[in-house]
Amino acid sequence: DDESAPTPPPVDDSIAGLAQQDPDLATLVAVADYASNNGDLIALLSSPGSLTVFAPTNAAFDALAVELSGSASAKATDLLTPENKPLLRDVLGYHVLTSEVKASAIPFGMPITASQGAIFKIESSPVRIIDGRNRSAGITATDIDASNGVIHVVDKVILPADKNLVQIAQGDPQFSILVEAVVA
């Protein structure tokens, strides 16, 4: 009788693999999967390389859905629509750097260029990301080592500044009449 214990499945220690194993990053994986073109975003996060990913939590994606929709009951899954796919690809690219940057090497106060080309900065006291729309996100965990880079967990989805004035105004209720007039 050869009743040896079954061999456990190999652990995928890539950024994508670690995110898939972390229940609090499930939405990040779902959004990357949805926004992928033939799996390209998941492949990027799974392939050998040297990346830094600022990984928003599930709660951060839910908060983004509320922010973008204006509905207090919105959830991240509400973002997974064909018309949002280009926005989601852009937003995910804004959370990725094409080099590995550990917390000890963060260039505080300096412009940081994301893989999709937009810029954000990280302040040191308190440690916060300031995105292209001057919104603030906290970094809640750092230096989660992956085979293809490092993950830093953030409590808010950061957004690039490359929106036109109507798109920015649509997110602010005080401009609702102006937006309606411009759109009309």
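Thr52 has Val150 as its bridge partner in β7. That is one pair from a longer match: strand β1, residues 51-56, runs parallel to β7 over six bridges. By pairing I mean that DSSP finds at least two bridges between two strands. Strands and helices here are DSSP runs, numbered from the N terminus: E and at least two residues for a strand, H or I and at least four residues for a helix.

Before going on, a word on the source. This is a predicted model, with local features requiring pLDDT of at least 70 and side-chain atom pairs counted only at pLDDT 80 or more, while totals for chains, interfaces and linings use all residues. Residues are numbered from 1 along each chain as its sequence is written, and side-chain values use heavy atoms, leaving out hydrogens and water.

Now the other partner of β7. Strand β6, residues 136-146, pairs with β7 in the antiparallel sense over five bridges. Ile139 has Val154 in β7 as its bridge partner, and a hairpin of two residues joins β6 to β7.

Is β7 buried or exposed? Six of the six residues of this strand, 149-154, are buried, so β7 is largely enclosed by the rest of the structure. Buried means under 20% relative accessible area, exposed means over 50%, and partly exposed is in between, with a 1.4 Å probe and protein chains only.

On to the whole sheet. Seven strands form an open sheet with mixed pairing, in the order β2-β1-β7-β6-β5-β4-β3. The edges are β2, at 96-97, and β3, at 112-113, each pairing on one side only. At the β3 edge, the neighbour is β4, residues 119-124, paired antiparallel over two bridges. There, Ile112 stands opposite Phe120 in β4.

Next, the helices. Which residues of helix α2, residues 26-35, are buried? They are Thr27, Leu28, Val29, Val31, Ala32 and Ala35. The cover over these buried residues includes α1 (15-21), α3 (40-46), β1, α4 and α5.

Last, Ala76, in the loop between α4 (58-69) and α5 (85-94). Its relative accessibility is 5%, so Ala76 counts as buried. What does Ala76 contact, leaving aside neighbours within four places in sequence? The contacts, meaning heavy atoms within 4.5 Å, are Thr27, Phe61, Asp62 and Ala65. Thr27 is one of the buried residues of α2. Val31 is another of them, and its C-alpha atom is separated from that of Ala76 by 8.5 Å, with the two residues 45 apart along the chain.
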